[in-house]
Amino acid sequence: ADQAKTYKFKAEVNQLLDILVHSLYTNREIFLRELISNASDALDKVRFELTRGSEVADKDLPLEINIELDKDKKWLKISDTGIGMTRDEIVKNIGTIAKSGTADFLERLSKEAKPQEMANIIGKFGVGFYSVFMVAERVEIVSKSYLKDEPAVKWISEGKGSFKVMELEETPKRGTAITVYLKEDAKEFAEDWRVKEIIKKHSNFINFDIKVNGEKVNTIRAIWREPKSSIKKEQYEEFYKFLTYDPEPPLETIHVAVDAPVQFYSIMFIPQKNYNVFGLTKEDIGLDLYVRGVLIQHKFSDIIPEYLGFVKGMVDSPDIPLNISRETLQENRVVLKIKQVLVKQILSHLEKMAKNEPEKYKTFWNEHGKIFKLGYQDYSNQEKFAELLRFDSSALEKEGELTSFAEYVSRAKEGQKEIYYITGASREALETDPHLEIFKRKGIEVLYMYDPVDEFVITGLNKYKNDYTFVAVEHADLAKLEKFEDVIKDEEPVEELSKGEEKVFQKLLDKMRDILGDRVTEVRESKRLKDSPSCLVNPDGQVTSQMQKIMQIINK
Ligand code: ADP
Ligand code: MG
């Protein structure tokens with residue numbers, strides 16, 4: 001074997017280690033969850049290789065995680081029979097390559113109001129392994145890759161700036177064993193009862209046996225295959241926490257077992273909060289994809305459209321071929337079918353929620369509505385989608401109450417085939433808009449739209465129920481509006497202009513035309529204004545002024 005070689009941790013990793021060791025004490029137990037989760041990932045990977053028939057060292061080893069403890073010597077050792085690491089892999093994966101997650105984690109930490117809670121979600125950033133140094137004064141990893149000719153390697157570090165790597169003379173069985181030499185103040189993690197407690201709390205849903213000193217500890221597996229009636233709410237919540245690290249329970253749980261046109265099971269959750277207020281990135285979207293209980297891909301984003309990206313959970317289908325390559329997954333016919341069915345399931349679930357639990361629906365809308373609105377591009381589900389949209393409206397007493405198109409239509413005037421809307425920054429800004437005058441006078445409802453994407457949404461929808469056209473108030477056909485009776489009567493009738501006054505008025509209009517010149521197409525007398533002296537209107541058939549502003553920004 002070659003000699004031990006010392007490597008320096010990447011600078012960001014050092015920074016991360018420093019913070020983990022010195023600042024984050026409250027959630028130290030999660031280091032075990034992170035190591036077990038890595039062991040489980042490694043087992044998933046080797047199971048994947050086995051099922052697709054690759055050559056694998058020690059292929060008859062049981063796929064499991066073993067934990068040994070020594071209370072007196074203050075260590076614990078976590079061994080898995082997973083995919084293992086080669087020398088190159090161990091150097092790269094643990095220490096020298098700083099994943100983008102490192103910087104993201106540090107950045108989040110610097111802004112976090114409750115930094116103590118950050119340890120809990122470290123796994124989300126792809127740097128979970130380092131959490132071991134919250135409890136360890138030294139860590140030793142021995143790993144043997146599933147590749148037959150690769151020698152075993154040993155990795156040693158005290159988490160202070162550097163680590164050592166050497167090849168081993170002897171060849172252990174396939175997999176990875178991590179020995180954690182505990183700090184004096186962390187010796188509880190070598191206690192049998194304590195370790196079992198942590199596993200039950202954080203790792204109960206791991207899909208492989210976890211044994212502590214030979215005794216199996218985790219109990220629940222594949223709850224998605226069990227009948228809904230046998231699963232308790234707490235179990236769903238526990239599963240949700242396991243999947244997402246979200247400290248809050250989910251807003252909604254959707255558990256489906258589908259037989260046709262494809263067979264699959266799925267448990268999906270809608271989180272109570274949108275933690276990605278700046279929008280979802282591709283990494284945030286996706287459901288874990290299993291084939292007959294074998295995890296094929298974590299957070300597989302092609303199984304769900306972007307506008308439903310707030311949904312978390314998993315799918316398990318026996319109809320996807322197990323030996324499928326990750327590259328061809330997204331074009332797989334079964335995957336596409338599952339996606340279609342899932343979308344329909346989620347939409348009808350939301351429909352039910354809107355009907356039966358309006359308060360809950362409001363929470364959903366306020367948290368996830370912004371992403372959900374992108375669904376206007378999903379043409380095959382447009383009808384259902386349209387029913388799920390919500391807006392503020394002139395018919396509502398205060399902002400925050402929401403209305404649907406269906407409710408708007410139920411309040412519309414007899415013969416009214418338009419859904420009127422106005423776009424702007426806020427209710428306050430809109431309510432004084434001169435364009436609304438005539439609508440107020442006629443008692444015609446107008447939807448208030450504050451989100452720039454709203455206009456794309458209704459332009460995309462084109463019509464509601466093939467029957468109602470969306471019309472911006474500034475494009476409204478006055479003749480159509482005037483047909484309806486006034487609901488607010490003027491106190492004094494408007495006097496006709498005398499001949500002389502008419503002349504002066506025409507002069508005024510001429511003057512305005514002179515001054516405004518090319519900047520406007522026309523200056524004309526308004527029949528719709530009563531309280532405001534003037535307003536800007538768009539020539540018919542043109543986009544609204546709000547849309548023009550958006551285009552200007554886009555074209556810049
Ligand atoms: P993540 O698990 O999100 O990738 P971690 O910091 O937890 O981030 O782990 C870093 C990497 O180290 C893993 O991606 C994996 O390549 C490697 N690794 C860690 N533990 C094991 C293990 N038990 N078996 C094989 N590889 C491992
Ligand atoms: Mg990990």
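**Exercise 1. Describe the shell around ligand 1 by residue class, number and source.**

Step 1. Sort by class: the shell around ligand 1 divides into seven nonpolar, seven polar and three charged residues. The model examined here, and in every exercise below, is a predicted one.

Step 2. Count and name: 17 residues surround the ligand, and the closest are Asn-38, Ala-42, Gly-126, Gly-128 and Phe-129.

Step 3. Find the sources. Helices α2 (30-51) and α3 (87-96) each supply at least two residues of this shell. The most comes from α2, which gives five.

**Exercise 2. Examine helix α2: what span should it have, and how much of it is covered?**

Step 1. The helix has 22 residues, so at 1.5 Å a residue it should span 32 Å.

Step 2. The end C-alpha atoms of α2 lie 31 Å apart, which agrees with that expectation.

Step 3. Burial: 16 of the 22 residues are buried, so the helix is mostly covered, on the rule that a buried residue has 20 or more other C-beta atoms within 10 Å of its own.

Step 4. Look just past the end of the helix: Gly-53 takes a positive phi of about 80° there.

**Exercise 3. Take the binding-site positions listed by UniProt and decide whether they gather at one spot or spread out.**

Step 1. An unreviewed UniProt entry places the feature "binding site" at Glu-34, Asn-38, Asp-80, Met-85, Asn-93, Lys-99, Ser-100, Gly-101, Thr-176 and Arg-326.

Step 2. These positions span 293 residues in sequence, and the farthest two C-alpha atoms are 26.5 Å apart, so they do not all gather at one spot.

Step 3. Take one of the positions, Asp-80. This residue is in strand β3 (residues 75-80). Asp-80 counts as buried because it has 28 C-beta neighbours inside 10 Å. Leaving aside neighbours within four places in sequence, its contacts are Ala-39, Ala-42, Leu-43, Ile-65, Gly-175 and Thr-176.

Step 4. Take another, Arg-326. This residue is in helix α7 (residues 326-329). With 11 C-beta neighbours inside 10 Å, Arg-326 counts as exposed.

**Exercise 4. Compare the length of helix α8 with the expected value, then list its buried residues and what covers them.**

Step 1. Helix α8 (residues 333-356) has 24 residues; the distance from its first C-alpha to its last is 35 Å, close to the 34 Å expected at 1.5 Å a residue.

Step 2. The buried residues are Val-335, Ile-338, Leu-342, Val-343, Ile-346, Leu-347, Leu-350, Met-353 and Ala-354.

Step 3. Recall the helix geometry: an α-helix has 3.6 residues a turn, so residues three or four places apart point the same way.

Step 4. The cover over the buried residues of α8 includes the strands β10 (252-258), β11 (264-270) and β14 (312-316), together with the helices α7, α9 (358-372) and α10 (382-388).

**Exercise 5. Find the unusual backbone geometry at Lys-74, Lys-299 and Pro-261.**

Step 1. State the background: most residues other than glycine have a negative phi, and most peptide bonds are trans.

Step 2. Lys-74 is not a glycine, yet has a positive phi of about 60°. Lys-74 lies in the loop between β2 (64-70) and β3, and its 18 C-beta neighbours inside 10 Å make it partly exposed.

Step 3. Lys-299 also has a positive phi, of about 40°, without being a glycine. This lysine lies in strand β13 (residues 294-300). With 17 C-beta neighbours inside 10 Å, Lys-299 counts as partly exposed.

Step 4. The peptide bond from Ala-260 to Pro-261 is cis, with omega near 0°. Pro-261 is found in the loop between β10 and β11.

**Exercise 6. Describe the overall form of the protein chain.**

Step 1. Count the elements: the chain has 17 helices and 19 strands.

Step 2. Compare radii of gyration. A compact globule of 556 residues would have one near 24 Å, but this chain has 31 Å.

Step 3. Give the extents: the C-alpha trace spans about 110 × 50 × 40 Å along its principal axes.

Step 4. Check burial and contacts. Of the 556 residues, 32% count as buried. Among contacts with a separation of 6 or more, 71% join residues 24 or more positions apart.

Conventions: Residues numbered from 1 in each chain as written. Chains lettered and ligands numbered in written order. Predicted model: local features only at pLDDT ≥ 70, side-chain atom pairs only at ≥ 80, totals over all residues. Near = placed C-beta within 6 Å. Helix = DSSP H or I, 4+ residues; strand = E, 2+ residues; numbered from the N terminus. Nonpolar A, V, L, I, M, F, W, Y, C, P; charged D, E, K, R; others polar. UniProt positions renumbered as here; feature names shortened; annotations may be inferred. Buried ≥ 20, exposed ≤ 12 C-beta atoms within 10 Å, placed from the backbone. Contact = placed C-beta atoms within 7 Å. Expected span 1.5 Å × (residues − 1). Rg over C-alpha atoms; globule rule 2.2 N^0.38 Å.
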